[in-house]
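This report describes one protein model for a reader new to structures. Please look at the sequence and the model first, then read on.

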Amino acid sequence: MSWRKEQRRAERGYHHGNLKEALLQAALGLIAEKGAAGFTFADAARMAGVSAAAPYRHFRDRDELLSSIAQRGFEQFEQRLTAAWDDGRPDTVTAFERVGKAYLAFAREEPAFYNAMFESGVPVDANPALQAASERAFNIIRAAAERLAALTPPGTARPPAMMMALHIWSMAHGVASLFSRGDAARRKLPMSPDELLEAEVLIYLRGLGFPTDRRPVGKGAEPPPVPPEAPSGSGVPPGGTPSGPWGKPK
């Protein structure tokens, strides 16, 4: 009798025509409650109100279910980052700051997706659709890094955009995972995560030789102005910047 009851529940799930979505939502709820490693395939089926065998009609196994959730998360993540970047308007630095804030906001507001995307242990390259979605999201950060690299001051070696993108992604991900996540594992900070990330990126950019003034001067003038010639005997090369931790010439 119990098997027949389970079968009838599964049939009701199929009859409403949205079992796959019901399983995805059930798994998202379990991830939010227990983490990506804290539930089984059967738990997701039970949460969706179907038999333990029903999910196999849509997913090969639990990893494929998690992979689908991660893919959807990256798709939403890409939309958030794209809207924040807005093709670098009104200027590169302002748009870049919005991207950082959007990264942290996604981790805070969508902890289940974030967990499935980065903490589930599902290999991204095992699913072409998941890999493509994750690369599209990363490409927003890379595009921002390319614009930032284009603002390298005269006389300073231009850093590789890919290197900058990976460094900035690592910083944003570290702050998001430690201090801006939306679950109980979030650490406390004496400042907001947004402020921490902004300070961290600013120090990083200064270390690469970018000027202290992060805003472009004049309408449409993205690149920073060429610094004035230093007084004779100052030890600063022509067209260079003063030595020190933020402005040592390359």
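## Salt bridges

In this predicted model, Arg60 and Asp61 form a salt bridge in which the closest N and O atoms lie 3.6 Å apart. Arg60 is exposed, with a relative accessible area of 56%, while Asp61 is partly exposed at 27% relative accessibility. Arg60 also meets the side chain of Glu64 in a salt bridge, at 3.7 Å from N to O. Glu64 is partly exposed, and its relative accessible area is 26%.

Side chains of opposite charge can pair when their charged atoms come close. In a salt bridge the nitrogen of Lys or Arg must be within 4 Å of a carboxyl oxygen of Asp or Glu. A third pair is formed by Asp87 and Arg89, whose closest N and O atoms are 4.0 Å apart. Here Asp87 is partly exposed, with a relative accessible area of 45%, and Arg89 is partly exposed too, at 46% relative accessibility. Salt bridges with shared partners link Asp86, Asp87, Arg89 and Arg147 into one network. Over the whole structure, a search finds eleven salt bridges, including the three in this table.

| Salt bridge | N to O distance |
|---|---|
| Arg60 and Asp61 | 3.6 Å |
| Arg60 and Glu64 | 3.7 Å |
| Asp87 and Arg89 | 4.0 Å |

## Helices and their packing

What makes up the fold, by count of helices and strands? The protein chain has nine helices and zero strands. Along the sequence the pattern is therefore written with α for each helix: α-α-α-α-α-α-α-α-α.

Two packed helices are described by the angle between their axes and the distance between the axes. For helix H7 (residues 128-149) and helix H8 (residues 161-179), the axes come within 8 Å and cross at roughly 120°. Angles of 65 to 115 degrees count as roughly perpendicular and those over 145 as roughly antiparallel, so the angle here makes H7 oblique to H8. The crossing of H7 past H8 is right-handed. On the H7 side the contact is made by Phe138, Ile141, Arg142, Ala145, Glu146, Leu148 and Ala149. On the H8 side the contact is made by Ala161, Met162, Met164, Ala165, Leu166, Ile168 and Trp169.

H8 is also a neighbour of helix H6. Is H6 (residues 111-118) mostly covered or mostly open? H6 is mostly covered, as six of its eight residues are buried. These buried residues are Ala112, Phe113, Tyr114, Asn115, Ala116 and Met117. They pack against helix H2 (19-34), H4, helix H5 (92-109) and H8.

For the chain as a whole, 41% of the 250 residues count as buried. Of the contacts with a separation of 6 or more, 65% are between residues 24 or more positions apart.

## Confidence

The mean pLDDT of the protein chain is 82, and 77% of its residues reach 70 or more. Among the elements, helix H1 (residues 2-15) has the lowest mean pLDDT, 44, and helix H4 (residues 62-85) has the highest, 97. Residues 216-221 have pLDDT below 50, and this stretch has four contacts in the model beyond near neighbours in sequence. Residues 223-250 are also below 50 in pLDDT, and this stretch has 36 contacts beyond near neighbours in sequence.

Conventions:
Residues numbered from 1 in each chain as written. Predicted model: local features only at pLDDT ≥ 70, side-chain atom pairs only at ≥ 80, totals over all residues. Heavy atoms only, no water. pLDDT = per-residue confidence, 0-100. Helix = DSSP H or I, 4+ residues; strand = E, 2+ residues; numbered from the N terminus. Contact = heavy atoms within 4.5 Å. Buried < 20%, exposed > 50% of the residue type's maximum accessible area, 1.4 Å probe, protein only. Axes fitted to C-alpha atoms, helices over the stretch in contact; angles between N-to-C directions. Parallel < 35°, antiparallel > 145°, perpendicular 65-115°, else oblique. Left-handed = near helix turned anticlockwise from the far one by under 90°.
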